[in-house]
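Thanks, everyone, for making the time this morning. I would like to go through one structure with you, beginning with its sheets and then turning to its helices, so please keep the display in view while I talk.

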Amino acid sequence: MHQDRWSRVEELFARALDIATDQRNAFLAAACDDAGLRAEVEALLRAHDSPGPLDFAPRMAAGAAVHPSLADGTRVGGWRIGNLIGRGGMGEVYAATRADGGFEQRAALKLLRFEAAGELQRFHSERSILAQLEHPGIARLLDGGVAPDGRPYTVMEHVAGQSLADYCRARRPSLRERLALFTQVCAAVAYAHRNLVVHRDLKPANILVDAGGNVKLLDFGIAKLLDASATNADADLTVAPFTPDYAAPEQLVGEAVTTATDVYALGVVLFELLTDTLPLRTRGLPSTQVLKVLLDRTAPAPSQVARDNPASPVPAAQIAGDLDAIVAKCLRKEPAHRYETVVGLARDIDRHLRNEPVAAREGARLYVAGRLLHRFRWAVAATAALVLALGAGLAGTLWQARRAETQARTSAAVQTFIGDLFRANTSRQDDPVKARMTTARELLDLGAKKIETSMGDAPAAKLGVLKLLGQLYDDLALDDESVRLRRQAVDLARSLHGDDSPDVAGALLELAGSMHYTKSDTGEREKLLAQASAILDRAGDHSSVVRGLLLQKLSEHYYGSDPGKALASAQEAVRLFEARPPSANLAESLFVRGLGEHAVGQDHEAIASLSRAIEVSRSVDGSPNPSLPRYYAYLGQYQYRSQDIAAAEASTRLALQMAVAVNGDNHVDTLETELRLGRLLFDSGKTQEGLALLLSAKNRALAIRGAEDPDHVPLALMEHGSALVRFGLPEAGMTDLAAALANRRAHRAATTYLATVLETNAAGAIELGRYDEAAASLDEASRIKTANGVKPRTTRTNYNVLVRLRLALAQGQLETARSLLDDVFVDPAEKSAVSFTAMDHDLAAAEVELAAGGNAAAAALARGVRERIERSGLAEWLGLYLLRSEFIEGAALLAQDQAASAAPHLQSALAAREKLFAPASPKIAEAEIALARCDLALGDVAPAQALAAAAAAIHASHKDLGEQYRAPLRDLQMALAQRRG
């Protein structure tokens, strides 16, 4: 058959399948051009409707009824079986009720089918995945176990509802209601992604809607844990059954599955919600044809499908534009070109509902220009205000001819500059790639380039525009570009107003402020601040706004090198601005004072200062405003240091929400806040959610700044790499840390920021046994800090010393380790019973004692930390400290031949590590080895052998591990061999 004719047969066959059987004859009569074509289609339909050998389970006779394997009323665990609800590829689902008394509860019990014995691993994977998901939009796991016949089962909450498609067909909801349902689905999927779970089979049949319109996501039977937490066994689950109509191209060809896979499926679901049909019809086609259709064809716009279908549930006019663009972005064949996150997709839906520009619509000239004007509305408004003010000044001073002529030149110059700038930007809209880039950086770069040769006859106006462009670069954290413009502004201010003008002092302060964020030479920054101070001193100015700004900049400058001087400057700035009406300057001074208080260990005072900064900022600029995300983020940091960890998490989550609301997803403030939240969650024991946020921040940094960005990209790489190392994936973590280190050496050499990456890199190198590299990194970091005026052994965490101590222990250098204990910083201002610095010191001391044979002292130190945590009520938040103290205490008791007392501590430490770390973490192997030694001491050889085998499997998954991990396993294996001998 000719290819064109076969394509026609395929199309008619697929369309006929969507039509009721009794209506197919009429359809074929109208659609088929000739009798032969109709005969071909009818033959396919008959074959489709006739059962074949693959429609029945193995060894089941054709036509035999499918019977449930459990009778009604059977008792399974604490549940009584009801009727068979459904039967899938690997399990049977029964209605079930509580059978163990106490209370009534309905549920759905999923039982592995006999003939699906080969899917046992996948079944266990589903149960493991569900156990970690707690969300109102995801059906909860209630129970699980093994049935009397040996098959595992899972009990899920009973969801009384219809599938998403059936619900919409029955209720005929409006477009807004459909989108509200869809955003509920997005929220559930986003939660799963934050917990490193990809569903991989999203479709309306797996989405139930109850009578109240609440969505529940079902069936994680083929879900996959992302690499950061996946086990080796789970890697085998990547190739899994799925529904081709909703499958992303990468699933069809067996490529890597990511969160973008679920984004594609959500796009198909949204298409179906809008049109009541699928974007590409494949039902009934052979698998080879399914692949061809889904890989080769591009889905039509849903508005076009709705336009061709008079019965479409949503009119085409309501879909065209935003929703077409959103669906198209989801359905792009390349994963990298879809939405980066499900949250981004949901935000675009929300923007559409609020009649705001959606991120998916890029390329249209007027649309991009509109978005550009909206995003820079304050900058444009400021420029427009400048033009209007100049115009007003011109009108009010016409009687002064000379001033009128100057003002006219100024006003015309500003108007010409702005007009030329937008015309230059508009001319680039013919190139859709450049059009997409003009939302921020392109426009500024055009302006920065043009200002060099423009407005020569209006220098005062040029100075204003230079300052404006510099501020816009600051707002986008494009610091090097800001410094270049600020230098021009200083030179122009001097030529206009003279060296001793307050305008020059202000320009010097703005330049120094920009240089603070570029991590430039501190010596030059200090000279700039001294010049500004000298100008104000000669003028006798001790109380102006410019003097207050100088005090702010001085506080920022001394923050890292002289905390006392930093705090004194900030306090003086607050006193100066408190004498004036409340202003943004007062809020910023309070914020800087909070930084200074934190630097000297006064965290409670810092919290009070930041809380007041937030109050003033809200009263002056409303909420949200651009300053509040930063204020809330630092407030959360200091609340965490003060062990008010629930409040810290709430503050930092609010900071991220505000950053998104004020700046959108692709802004450095959003990126920085996401990094802070990810770090806080990881440190407080929510390791998987924290790691997911750090990964998102890393990807965001690379996307919006590029790999050569000298500031945010290396910071994001360092944070994510450090978390991966601590999570138990040191090889992957060191890859990110190496990239961060290379970037810092290229762009920020000899700065304290390079020193921080060096110290973090050293911690990862120790895990992999690269001790010489770790020592060299720590030595270089110390030299850099000394050269930058950071006094040794005075920082709050004293990370360098702690890493050195860990290195000494790994190398068995006990005297060195003991000497370093005196250098571990304990902040005397931290009076809390669970002071972080005190816990760091005591646990480090306990590890030294344990290594040196001082087992009783080690147990006592670790027990003291554990008991302080338990008394504090913060065990939920201090899990990383708690498991470390449990492990040391258990190991110390075991070393004192108190195996029975050690066992509960070592079991608790292992359980905690399995919950908080990656399955292949060396820390889990370390706990398994210690517990195996405990079992061996108690005479339990079999469990000791099993634990030793599990630890060996973890070690085998790492190419390089430090001797501190390898040696204990060898000793254990030797002890087991001797016991067998």
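Let me begin with the open sheet of three strands, whose order is 7-9-10 and whose pairing is antiparallel; please bear in mind throughout that this is a predicted model. At its edges lie strand 7, residues 162-163, and strand 10, residues 215-217, each of which pairs on one side only. Strand 9, which covers residues 207-209, is joined to strand 10 over three bridges in the antiparallel sense, and if you look for one of the paired positions you will find Val209 with Val215 of strand 10 as its bridge partner. Against this sheet packs helix 6, residues 175-194, which touches strand 9 and strand 10 and whose direction makes about 35° with that of strand 10.

Helix 6 also has a helical neighbour, and I would like to stay with it for a moment. It packs with helix 8, residues 259-275, at an angle of about 165°, and the two axes are 11 Å apart. How do helix 6 and helix 8 run, parallel or antiparallel to each other? Angles over 145 degrees count as roughly antiparallel, and helix 6 and helix 8 are therefore roughly antiparallel to each other. Their crossing is right-handed. On the helix 6 side the contact involves Leu175, Arg178, Leu179, Phe182, Val185, Cys186, Val189 and His193, and these meet Thr259, Asp262, Leu266, Val269, Leu270, Leu273 and Leu274 of helix 8. Sorted by character, the residues of this contact comprise 11 nonpolar, two polar and two charged.

Now to the other sheet I wanted to show, an open one of six strands in the order 1-2-3-4-6-5, again with antiparallel pairing. Its edge strands are strand 1, residues 75-76, and strand 5, each pairing on one side only. Strand 5, residues 141-146, pairs with strand 6, residues 152-157, in the antiparallel sense over five bridges. Along that pairing, Leu141 is placed opposite Met156 of strand 6, while Gly145 is placed opposite Tyr153 of strand 6. What links strand 5 and strand 6? The two strands form a hairpin with five residues between them, and in the turn Gly150 has a positive phi of about 90°.

Further along the chain there is another helix pair, made of helix 24, residues 563-578, and helix 25, residues 584-599, whose axes come within 8 Å and cross at roughly 155°. Helix 24 and helix 25 are therefore roughly antiparallel to each other, and helix 24 passes helix 25 in a left-handed crossing. Among the residues that make this contact are Leu567, Ala570, Val574 and Phe577 of helix 24, together with Leu586, Leu590, Val592 and Arg593 of helix 25. Here the residues of the contact divide into 10 nonpolar, four polar and three charged.

I will finish with the aromatic side chains, for which a search of the whole structure finds six aromatic pairs. One of them is formed by Tyr634 and Tyr638, which are arranged edge-to-face, 6.2 Å centre to centre and with 65° between the planes. Why are Tyr634 and Tyr638 separated by about one helical turn? The reason is that they are four residues apart in helix 27, residues 628-641.

Conventions:
Residues numbered from 1 in each chain as written. Predicted model: local features only at pLDDT ≥ 70, side-chain atom pairs only at ≥ 80, totals over all residues. Heavy atoms only, no water. Axes fitted to C-alpha atoms, helices over the stretch in contact; angles between N-to-C directions. Parallel < 35°, antiparallel > 145°, perpendicular 65-115°, else oblique. Left-handed = near helix turned anticlockwise from the far one by under 90°. Contact = heavy atoms within 4.5 Å. Nonpolar A, V, L, I, M, F, W, Y, C, P; charged D, E, K, R; others polar. Pairing = 2+ DSSP bridges. Phe/Tyr/Trp six-rings, centres within 6.5 Å; stacked < 30°, edge-to-face > 60°.
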